[in-house]
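Ready for some practice at reading a binding site? Work through the exercises below with the structure open beside you.

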Amino acid sequence: LQLTVGLLKPDIAGNPTIVSLIEQEILKKKFYILKRKVVRWQKRDSEMFYKQHKENFFYRRLVDCMTSGPIIALLLAKENGITDWRKLMGPTKVYKSQFTDPNTIRGRFGLTDTRNTVHGSDSVQSAAEETSFFFPDFNAN
Ligand code: ATP
Ligand code: MG
């Protein structure tokens, strides 16, 4: 099984109805939820996590959004977990998710290109880094 980290972003993490709909969907798609944790980010956590976007016009907006409330971090496992979780999330941008993939999580709950409800690791390398970042006590062996 492949590990991946899913984040439920502050735009929805405080909404128990949406959180439980998303978690039901995750289980229905045959992911295991190995770990679950609620975290609150300081600016520096957010800036570090999204440092690859430092030069983008939306960086400040993204950093502020990710510090605006609690985040729910999930450690997910499934065959092809990285790709399958990103498929379930849907496209980054809201015009795409709502119009071409309305059944994805972003299609159903996304509000804007920044407040797009969920994050997923985008490679084996970032999944490993994000696993140790959020779940340092998890032993993948
Ligand atoms: P994530 O990394 O959160 O899983 P992603 O890999 O689909 O999302 P990235 O390109 O890595 O997308 O962008 C990181 C985050 O930055 C997006 O999830 C979104 O919140 C925000 N973002 C990306 N593109 C834009 C944009 N054009 N305008 C506003 N916000 C954006
Ligand atoms: Mg990304």
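A pocket here is an open set of grid points, on a 1 Å grid over the protein atoms alone, with protein on both sides within 12 Å along at least five of seven lines. Keep in mind that this model is predicted.

**Exercise 1.** Find the volume of the largest pocket and describe its lining.

*Solution.* Step 1: the volume of the largest pocket is about 740 Å³. Step 2: 27 residues line the largest pocket, and Tyr 50, Gln 52, His 53, Leu 62 and His 119 are the closest to its centre. Step 3: sort the lining by class, and you get 9 nonpolar, 8 polar and 10 charged residues.

**Exercise 2.** Which element gives the most to the lining of the largest pocket?

*Solution.* Step 1: list the elements that each supply at least two lining residues, namely α3 (43-49), α4 (59-66), α5 (81-89), β4 (118-120) and α8 (124-134). Step 2: pick out α8, which gives the most, with 4 residues.

**Exercise 3.** Where does ligand 1 sit, and which residues come nearest to ligand 1?

*Solution.* Step 1: ligand 1 sits in the largest pocket. Step 2: 15 residues surround ligand 1, and Lys 9, Thr 92, Thr 114, Asn 116 and His 119 come nearest. Step 3: by class, this shell holds 4 nonpolar, 6 polar and 5 charged residues.

**Exercise 4.** Find polar contacts of ligand 1, using a cut-off of 3.5 Å between N or O atoms.

*Solution.* Step 1: look at side chains. An oxygen atom of ligand 1 is 2.5 Å from a side-chain N or O atom of Thr 92, and an oxygen atom of ligand 1 is 2.9 Å from one in the side chain of Lys 9. Step 2: turn to the backbone, where a polar atom of Thr 114 is 2.9 Å from an oxygen atom of ligand 1. Step 3: check the cover; ligand 1 taken alone exposes 580 Å², and the protein buries 88% of that.

Key. Residues are numbered from 1 along each chain as its sequence is written. Chains are lettered from A and ligands numbered from 1 in the order in which they are written. This is a predicted model: local features need pLDDT of at least 70, side-chain atom pairs count only at pLDDT 80 or more; totals for chains, interfaces and linings use all residues. Side-chain values use heavy atoms; hydrogens and water are left out. A residue is near a molecule or strand if one of its heavy atoms lies within 4 Å of it. A polar contact is a pair of N or O atoms within 3.5 Å; within protein, one must be able to donate a hydrogen and the other to accept it, and residues adjacent in sequence count only if both atoms are side-chain atoms. Accessible areas come from the Shrake-Rupley method with a 1.4 Å probe; for residues, only the protein chains shown count as cover. On a 1 Å grid over the protein atoms alone, a cavity is a set of points where a 1.4 Å probe fits but cannot get out, and a pocket is an open set with protein on both sides within 12 Å along at least five of seven lines; lining residues have an atom within 4 Å of a point. A molecule sits in a cavity or pocket if more than half of its atoms lie within 2 Å of its grid points. Ala, Val, Leu, Ile, Met, Phe, Trp, Tyr, Cys and Pro count as nonpolar, Asp, Glu, Lys and Arg as charged, and the others, Gly among them, as polar. Grid points are joined across faces, edges and corners, and a volume is the space filled by probe spheres set on the points.
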